[in-house]
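Work through the exercises below with the model open. Each task is followed by its solution.

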Amino acid sequence: MIYFIIFLAVIVLIILFFVSIYNALIRLRNQVKNAWAQIDVQLKRRHDLIPNLIETVKGYMTHERQIMENITKYRSQAMNAQTVGEKAQAESLLSGALGQLRVQVENYPDLKANQNFLALQEELTATENKISFARQNYNDQVLMYNNKIQMFPSNIVAGMFNFKEEEFFEIKDVAEKEVPKVSFN
Amino acid sequence: MWELIQSNRRKSLILFFGMGALLILIGYVFGSYYDPEAGGVVGVFFAIVLWVILSALSYFAGSKILLAVSGAKEVTKDVHPQLYNVVEEMKIAAGVPFFPKIYIIDDPAPNAFATGVKPENSAIAVTSGLLSTLNRYELQGVVAHEMSHIVNRDILLMTFAGVMLGVITIMSDIFFRGMYFGGGSRYRSRSSSKSSGQAQVIVMILAIILAILGPVLAQLFYFAISRKREYLADASAARLTRYPEGLANALEKIANSTHKLRSANKVTAPMYIVNPLKREGMKLADLTSTHPPISERIKILRALQQGVSYNDYQRVFEMIHGKKEKIIPDSVLKESIAVTPVIGLTNEDKDFNPIEARREANDAVMKLNDYNFINCKCGVKIKIPPDYNKPIVVCPRCGTRHQLR
């Protein structure tokens with residue numbers, strides 16, 4: 001009898017242990033999802049800002065049509081992207097194009113003095129920062145979640161209930177580091 | 001973050017009971033001094049009632065009182081977009097659901113504080129001087145520091161600790177005044193037996209010792225915790241922004257400012273990011289100052305070259321301090337993941353335009369004082385004082401007529 005009770009107690013303890021791991025996994029996964037939602041909000045915000053920016057800048061920047069076309073193109077690419085990887089790719093191209101625009105602004109003192117543009121520029125900087133902070137938070141959450149999935153003993157529970165590792169949101173630095181082309185025509 | 005809150009809660013509880021015990025002891029001894037038979041209970045009762053009232057007051061109205069005393073005014077996004085954005089950025093970086101209210105204090109001395117016992121009703125207040133001296137990254141560092149105070153629940157801890165300290169100080173004050181004016185126990189003449197007289201003397205000595213040491217002990221305890229929380233908030237800020245240089249530069253600018261904060265006093269001083277009362281002090285002042293020396297905070301932040309995780313901060317702290325002292329709770333150190341800092345933002349100050357920043361800060365203060373702003377199509381910002389009562393204003397550059405409501 002006593003052995004049976006001990007056996008039962010051990011079983012119950014093991015079950016409780018697994019339940020707590022399962023709950024921890026769920027919590028981490030929800031945090032990852034929430035962090036992703038935050039990035040998504042900020043990316044949308046940037047997409048919304050762009051038409052406004054183009055509209056303000058158009059009248060001043062007559063020589064930068066290529067950059068503006070790129071911005072519009074990458075924006076629509078980014079809006080149609082599906083997976084995390086695709087999104088990261090398109091968004092980094094968009095960041096690069098916006099960076100180029102920012103460099104060119106230096107050549108247009110009238111534009112730099114325009115209050116509407118200054119306000120827009122602050123909004124754009126803030127949105128870029130928010131994207132990168134949201135990304136930072138998302139990647140931290142993904143790291144913790146993935147660690148939990150890979151480590152023993154939580155990997156057993158993760159395997160049983162089909163918890164899958166999440167993808168990091170990595171911005172490829174290629175576009176951002178690209179030197180803006182200077183044209184003399 | 002979760003572990004930080006947990007360990008803070010535990011610490012709050014230990015502090016809570018520790019100081020509470022000191023409070024009850026003081027209440028009992030002082031009470032017994034006045035009336036050996038029933039006084040102890042009355043003293044304890046008095047101490048607890050005083051504490052409950054003051055705690056409730058600071059819990060429910062503390063942050064409102066603090067904000068009102070410092071002359072802070074709540075701002076919306078349009079008053080100072082950059083400040084609002086920076087706060088939102090830090091909210092996102094911390095991954096928290098609440099959005100602190102934002103206040104601006106019209107004061108040329110650069111400083112900032114956070115308040116609110118619950119994160120949901122928390123607030124961050126900065127001076128207009130801070131806005132006009134710091135660039136975006138430095139402002140981010142300061143806001144990250146304040147956000148960390150909120151996220152780590154430091155404000156709750158400091159509020160309760162502060163109230164305990166206040167009650168203990170008030171009680172010993174009352175005791176000394178009573179001794180001075182009343183000359184001692186009312187019941188002394190009644191107690192005729194020798195042994196009770198002896199007990200009376202012991203109680204009196206004990207009471208005097210407690211009256212002298214109680215407030216000092218409570219204060220040292222309070223200051224020690226306050227300083228630890230400052231380091232911790234610096235560590236969290238470095239982790240949030242991934243750019244410790246921003247906060248380091250900000251602290252340097254704040255320390256070098258010659259302005260003195262008008263609205264600060266002894267009670268509100270521990271709340272600010274940099275102690276607004278004392279000039280950066282000598283080592284001797286360390287034990288009794290609410291804030292760690294700024295130079296040391298800057299040195300630690302600047303030494304965070306390889307990483308900005310809590311582990312790195314603890315390591316660098318010990319290296320610079322030269323002694324082992326736990327700044328970051330163990331449970332957090334165990335969980336903390338490697339975090340690399342952002343490098344290469346150092347030319348940011350080149351983009352910073354001090355005139356523009358000062359104008360932005362002035363505009364914010366003007367907006368707080370009900371000035372009306374109109375952005376003309378030609379790019380000119382027209383500022384209309386509240387007592388301007390004509391229906392139309394003409395843009396000084398392009399001559400456009402703007403209709404006023």
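**Exercise 1. Find the salt bridge between Glu88(B) and Lys130(A), and place both ends.**

Step 1. The side chains of Glu88(B) and Lys130(A) form a salt bridge, with N to O at 2.9 Å. The rule asks for a side-chain nitrogen of Lys or Arg within 4 Å of a carboxyl oxygen of Asp or Glu.

Step 2. This pair crosses between chains. Glu88(B) sits in helix 3 of chain B, and Lys130(A) sits in helix 5 (residues 115-150) of chain A. Helices here are DSSP runs of H or I with at least four residues, strands are E runs of at least two, and numbering starts at the N terminus.

Step 3. Side chains of opposite charge can pair when their charged atoms come close.

A note on the source: this is a predicted model, where local features need pLDDT of at least 70 and side-chain atom pairs count only at pLDDT 80 or more, while totals for chains, interfaces and linings use all residues. Residues are numbered from 1 along each chain as its sequence is written, chains are lettered from A in the order in which they are written, and side-chain values use heavy atoms, with hydrogens and water left out.

**Exercise 2. Describe the interface of chain B and chain A.**

Step 1. Count the residues. Chain B gives 23 residues and chain A gives 20 residues to the contact (heavy atoms within 4.5 Å).

Step 2. Take the area. The two chains bury about 1,900 Å² between them, 46% of it on carbon and sulfur atoms. Buried area is the accessible area (1.4 Å probe) that two parts lose on being put together, summed over both.

Step 3. Count the salt bridges. Six cross this interface; over all chains the count is 22. Another salt bridge joins Arg239(B) to Asp140(A), with the closest N and O atoms 3.9 Å apart.

Step 4. Assign the side of chain B that touches chain A. Helix 3 (81-94), helix 5 (136-151) and helix 7 (194-241) of chain B each give two or more residues. The largest share, eight residues, comes from helix 3 of chain B.

**Exercise 3. What is the strand order of the open sheet in chain B?**

Step 1. The order of the four strands is 1-2-4-3, with mixed pairing. Two strands pair if DSSP finds at least two bridges between them.

Step 2. Strand 1 (72-74) and strand 3 (112-115) of chain B are the edges; each has a single partner strand, so one side of each lacks a neighbour in the sheet.

Step 3. From one strand to the next, the twist averages 25°. Axes are lines fitted to C-alpha atoms, for helices over the stretch in contact, and angles run from 0 to 180 degrees between N-to-C directions.

Step 4. Strand 2 (residues 101-105) and strand 4 (residues 123-127) of chain B run parallel, joined by five bridges. Tyr103(B) has Ala125(B) as its bridge partner in strand 4.

Step 5. Add the helices. Helix 2 (residues 39-69) of chain B lies across strands 1, 2, 3 and 4 of chain B, at about 155° to strand 3. Helix 5 of chain B lies across strand 3 and strand 4, at about 25° to strand 3.

**Exercise 4. Where do Pro153(A) and Arg242(B) lie, and what marks their backbone?**

Step 1. Pro153(A) is in the loop between helix 5 and helix 6 (154-160) of chain A. The peptide bond from Phe152(A) to Pro153(A) is cis, with omega near 0°.

Step 2. Arg242(B) is in the loop between helix 7 and helix 8 (244-256) of chain B. Arg242(B) is not a glycine, yet has a positive phi of about 60°.
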